[in-house]
Amino acid sequence: MQSQLDAYLDHLRHERQVSPHTLTAYRQDLLKLLELCQGQAIDGWARLDSRSLRRFVARLHQQGQSARSLARLLSATRGLYQYLARHGLCQADPASGVSPPKGERRLPRTLDADRALQLLDGAVEDDFIACRDQAMLELFYSSGLRLSELAGLDLAQLDLSDGLVEVLGKGSKTRVLPVGRLAREALSRWLAVRALANPLDGAVFIGQQGRRLGPRAIQLRVRQAGVRELGQHLHPHMLRHSFASHLLESSQDLRAVQELLGHADIGTTQIYTHLDFQHLASVYDAAHPRAKRKGSSD
């Protein structure tokens with residue numbers, strides 16, 4: 001069972017080319033599943049049935065595992081069994097018909113438009129780190145990039161004259177995104193500084209040693225900008241969420257936002273309609289003369 005699991009993980013890494021983060025998560029999930037089988041003396045993937053898997057999911061939920069984590073575990077299990085079936089190693093998928101418990105859907109945290117402007121409109125010093133960090137922040141908010149997309153960005157993917165950037169997203173899918181005027185200006189300033197720093201490869205964002213800036217370093221720089229400019233925690237995905245929320249609030253075009261974010265399923269994008277409604281509800285509560293449904297006498 002271990003060797004078949006290792007072969008599937010190699011398939012994900014080399015043929016499917018999933019992200020390192022996804023690969024790590026799937027490996028952890030499937031090792032849990034392997035432990036379940038070993039604990040119940042199940043000596044082959046074909047011997048695991050839906051009843052055992054359902055009990056396993058229920059036990060993990062009772063132990064505090066989130067619905068989202070359990071949904072990922074089931075997704076990893078389905079992927080494994082699809083792989084086994086293609087290679088004639090198994091016929092039935094025990095995850096078929098097994099659903100994760102329903103969990104509370106948490107809305108993503110965003111910056112409102114004023115806070116986004118506060119973050120981006122401050123004075124920028126004319127040095128290497130300040131120019132680079134400003135360009136990163138502007139590009140995150142302008143184009144809604146994922147952290148991995150920005151970290152992996154190469155110069156060949158940028159077309160500042162036409163205001164476009166091509167990114168490699170999840171599942172190795174590419175998409176072309178517009179880059180706003182202020183982001184283009186910040187990138188132009190940064191690229192002029194970058195050219196003087198002896199870059200060692202074609203990465204857009206590099207450290208002072210000339211090497212590509214990694215995801216952890218980018219997260220740290222965004223976090224520090226949040227503390228410095230806003231006095232709050234800030235991470236790259238919050239800028240992506242803010243991009244999507246503000247765009248949807250202004251355009252009301254869910255399909256366009258889905259394309260820009262690179263979501264395969266529009267259901268993933270629909271969470272931003274909840275954010276939009278939340279904003280409208282708060283405006284209503286603050287402004288409508290009959291909005292306060294509970295008076296002081298209640």
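A residue counts as buried here when its relative accessible area is under 20%, as exposed when that area is over 50%, and as partly exposed in between. Going by that cut-off, 40% of the 298 residues in the protein chain are buried. Keep in mind that this is a predicted model.

**The overall picture**

Helices and strands first: the protein chain has 13 helices and three strands. On the outside, the chain exposes about 17200 Å², and 49% of that comes from carbon and sulfur atoms. As for contacts between residues with a separation of 6 or more, 58% of them involve residues 24 or more positions apart.

**The sheet**

The three strands make an open sheet, ordered β1-β2-β3, with antiparallel pairing. At its edges sit β1 (158-159) and β3 (174-178), each of which pairs on one side only. Strand β2 (residues 164-168) pairs with β1 over two bridges, again in the antiparallel sense. If you want a spot to look at in the viewer, try L158, whose bridge partner in β2 is V165.

**An aromatic cluster**

There are four aromatic pairs in the structure. One of them is F128 with W190: the ring centres are 5.0 Å apart and the planes sit at 80°, so this pair is edge-to-face. It joins distant parts of the chain, since F128 belongs to helix α6 (residues 128-143) and W190 to helix α8 (residues 181-194), 62 residues apart. Both F128 and W190 are buried.

W190 also pairs with F205. Here the ring centres are 6.4 Å apart and the planes are at 15°, so the pair is stacked. This pair, too, links distant parts of the chain: W190 is in helix α8, while F205 is in the loop between α8 and α9 (215-230), 15 residues apart. Like W190, F205 is buried. Put together, F128, W190 and F205 form one aromatic cluster.

**Salt bridges**

Side chains of opposite charge can pair when their charged atoms come close. This structure holds 10 salt bridges, among them the ones below.

| Salt bridge | N to O distance |
|---|---|
| D43 and R47 | 2.8 Å |
| D133 and R221 | 2.6 Å |
| R212 and D154 | 2.6 Å |

Take D43 and R47 to begin with. D43 is exposed, at a relative accessible area of 57%, and R47 is exposed as well, at 60%.

Now for D133 and R221, which form a salt bridge with their closest N and O atoms 2.6 Å apart. D133 is in helix α6 and R221 in helix α9, so the pair ties together parts that are 88 residues apart in sequence. Is D133 buried or exposed? D133 counts as buried because its relative accessible area is 8%, under the 20% cut-off. R221 is partly exposed, with a relative accessible area of 22%. This pair also has company: R132, D133 and R221 are linked in a network of salt bridges.

That leaves R212 and D154, whose side chains meet in a salt bridge. R212 is in the loop between α8 and α9 and D154 in the loop between α7 (147-151) and β1, so the two tie together parts that are 58 residues apart in sequence. R212 is partly exposed, with a relative accessible area of 34%, and D154 counts as partly exposed at 26% relative accessibility.

Conventions
Residues numbered from 1 in each chain as written. Predicted model: local features only at pLDDT ≥ 70, side-chain atom pairs only at ≥ 80, totals over all residues. Heavy atoms only, no water. Helix = DSSP H or I, 4+ residues; strand = E, 2+ residues; numbered from the N terminus. Buried < 20%, exposed > 50% of the residue type's maximum accessible area, 1.4 Å probe, protein only. Contact = heavy atoms within 4.5 Å. Areas by Shrake-Rupley, 256 points an atom, 1.4 Å probe, with all protein chains shown as cover. Pairing = 2+ DSSP bridges. Phe/Tyr/Trp six-rings, centres within 6.5 Å; stacked < 30°, edge-to-face > 60°. Salt bridge = Lys/Arg side-chain N within 4 Å of Asp/Glu carboxyl O.
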